[in-house]
Amino acid sequence: MAGTARVSVDEHRADVAALLAPLVEAARRRTRTEDVLLADALGRVLAGDLVAPVAVPLFRNSQMDGYAVRAADLAGASADATVRLVVAAEIPAAPGVPPRLAPGTAARIMTGAPVPDGADAVVPVEDTVAGTFAGTPRPDGSGPAGDAPAGAGASHAVEVRAPRASGDFVREAGSDVRPGDVLLPDGTVLAPHHLAAAAACGVGSVRVVARPRVAVLSTGSELVGPGETPGPGQVFDANADALGAAVRRAGGDVVRTARCGDDAAGFAAVLAEATAVADLVVTSGGVSQGAYEVVKDVLGGSGAVGGQRGGQVGGQDVGRATAPGVTFRSVAMQPGGPQGFGTVHGTPVLTFPGNPVSAQVSFAMFLREPLERAAGLPGAERVRTAVLAEPLTSPAGKRQLLRGATGPRGTVRVVGGAGSHLVASMARADVLVDVPADVTQWDAGTEVEVREL
């Protein structure tokens with residue numbers, strides 16, 4: 001440990017960004033990618049252009065329910081001078097090749113069905129005298145609902161009351177996408193409509209940027225998991241699940257979650273397991289000024305294992321030698337002042353305070369944006385201005401990040417107090433109100449800077 005120092009929020013943000021820069025660079029260079037099934041690709045970041053392997057549409061097909069025709073047969077058609085065509089075929093949207101259309105005939109055709117050779121236009125059923133398929137027999141003499149044949153080989157005619165130009169209501173093969181076209185560019189964050197385009201081209205899997213693998217370790221002997229029964233002096237752990245969710249929302253893949261007591265040897269063993277499988281380890285708790293700060297004790301070298309400083313646990317050093325690259329410091333902000341960063345066994349580690357609000361604020365301020373970039377996601381602008389709906393006061397000398405709820409007409413009000421244990425007020429907030437260290441009071445109506453949660 002290089003000693004405890006107080007630094008600004010911006011300085012710590014820069015140090016965390018530098019720590020995670022290799023992960024961000026790997027995403028930028030696309031050095032870690034994976035293929036995922038299209039069904040699992042929602043929200044993933046495309047690694048390289050996705051090129052269409054086939055044409056869309058695959059074949060000429062009808063844009064409407066109606067009749068495939070030769071446009072030349074309808075010259076002069078109008079409501080007062082309809083053109084009568086023999087209906088020679090029925091073409092459903094189904095496998096198969098329809099027969100060639102002879103001059104002076106029409107084929108009843110459904111939306112998406114292949115347009116037969118010889119036809120160059122489609123007449124919507126609404127442009128016929130009947131105006132509907134209901135009650136009209138099929139070319140084989142049966143009715144539209146499978147009625148008994150009116151006569152073997154019987155045919156019927158359709159009266160068209162409007163002319164059509166060649167190409168009307170015909171979707172040509174490749175009119176949407178041609179083979180070799182860039183369907184989706186590199187870096188696309190895949191949304192449902194992107195997946196629809198890929199599926200329409202028959203793409204079953206896509207190559208995406210590999211997600212950063214993150215381990216989340218929540219420390220404290222007083223913690224029990226949600227759903228468990230707490231004993232005397234125990235509290236529910238609000239950090240493991242919440243930080244894991246924050247990691248996933250930022251594009252990370254949580255590969256290890258653990259709840260650790262205040263035992264140095266136990267924590268060191270879990271930490272060694274986490275660094276072996278993760279690209280980044282995030283811890284909560286054990287970094288303040290108390291007597292049982294297990295993260296500081298192990299990573300900072302002040303702890304004891306078996307009554308001695310340092311030592312070996314599971315083949316890994318414990319104490320000062322475990323993580324000579326970890327620095328603990330006080331960041332001039334509230335909540336979330338105690339912070340740590342560095343590397344353990346070559347893996348980046350960030351240490352957050354254990355109070356739930358402090359942990360969430362720390363993630364929002366220091367980790368969310370670099371983790372998104374490490375996942376290949378585009379940077380999102382989350383800092384904006386709002387107008388205070390109520391006055392506020394703030395202690396001098398420390399930057400305050402107050403939970404705020406936005407209201408109508410761009411207003412914001414502070415919810416809950418400044419305490420880092422007030423997790424329920426965090427649930428009512430959608431922004432952090434950023435109060436500079438030199439501000440002690442703001443009046444209602446003041447324009448302030450907020451950061452979206």
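Buried here means under 20% relative accessible area, and by that cut-off 46% of the 453 residues in the chain are buried.

**View 1. The whole chain, as a predicted model.** Before zooming in, here's the overall inventory: the chain has 7 helices and 32 strands. Take the contacts with a separation of 6 or more, and 70% of them turn out to be between residues 24 or more positions apart.

**View 2. Helix α1 lying against helix α6.** Here α1 (residues 9–29) packs on α6 (residues 356–374) with the axes 8 Å apart and an angle of about 20° between them. Angles under 35 degrees count as roughly parallel, so α1 is roughly parallel to α6. The crossing of α1 past α6 is right-handed. On the α1 side, look for V9, H12, R13, V16, L20, L23, V24 and A27. They meet M365, F366, L367, E369, P370, R373 and A374 of α6. Sorted by class, this contact holds 11 nonpolar, 1 polar and 3 charged residues.

**View 3. The buried face of helix α3.** In α3 (residues 240–249), the buried residues are A240, L243, G244, A246 and V247. Looking down the axis of α3, these residues fall within an arc of 160°, so they line one face of the helix. A bit of helix geometry helps here: an α-helix has 3.6 residues a turn, so residues three or four places apart point the same way. What do the buried residues of α3 pack against? Their partners are the strands β13 (213–219), β16 (253–260), β17 (280–284) and β25 (347–352), plus helix α6. Just after α3 comes G251, with a positive phi of about 100°.

**View 4. Helix α3 meeting helix α6.** The two axes come within 10 Å and cross at roughly 25°, which means α3 is roughly parallel to α6. The crossing of α3 past α6 is right-handed. A242, L243, A246, V247 and R249 are the α3 residues in the contact, and A359, Q360, F363, R368 and L371 are those from α6. The class tally for α3 with α6 is 7 nonpolar, 1 polar and 2 charged residues.

**View 5. V412 and its surroundings in strand β29.** V412 sits in β29 (residues 411–414). Is V412 buried or exposed? Its relative accessibility is 1%, so V412 counts as buried. Setting aside neighbours within four places in sequence, V412 is in contact with A386, V387, L388, A389, G404, A405, T406, V431, V433, V448 and V450. For a sense of scale, the C-alpha atoms of V412 and A444 are 9.8 Å apart, with their positions 32 residues apart in sequence.

**View 6. Two cis peptide bonds ahead of prolines.** One runs from V56 to P57, with omega near -5°, and P57 belongs to the loop between β3 (50–51) and β4 (61–62). Another runs from Q334 to P335, with omega near 0°. P335 is in the loop between β23 (333–334) and β24 (338–344).

**View 7. Positive phi at R30 and F169, neither of them a glycine.** R30 has phi near 60° and lies in the loop between α1 and β2 (33–37). With a relative accessible area of 23%, R30 is partly exposed. For F169, phi is about 60°, and the loop in question joins β9 (156–160) and β10 (170–171). F169 is also partly exposed, at 25% relative accessible area.

How values were computed
Residues numbered from 1 in each chain as written. Predicted model: local features only at pLDDT ≥ 70, side-chain atom pairs only at ≥ 80, totals over all residues. Heavy atoms only, no water. Axes fitted to C-alpha atoms, helices over the stretch in contact; angles between N-to-C directions. Helix = DSSP H or I, 4+ residues; strand = E, 2+ residues; numbered from the N terminus. Parallel < 35°, antiparallel > 145°, perpendicular 65-115°, else oblique. Left-handed = near helix turned anticlockwise from the far one by under 90°. Contact = heavy atoms within 4.5 Å. Nonpolar A, V, L, I, M, F, W, Y, C, P; charged D, E, K, R; others polar. Buried < 20%, exposed > 50% of the residue type's maximum accessible area, 1.4 Å probe, protein only. Arc of directions from axis to C-beta.
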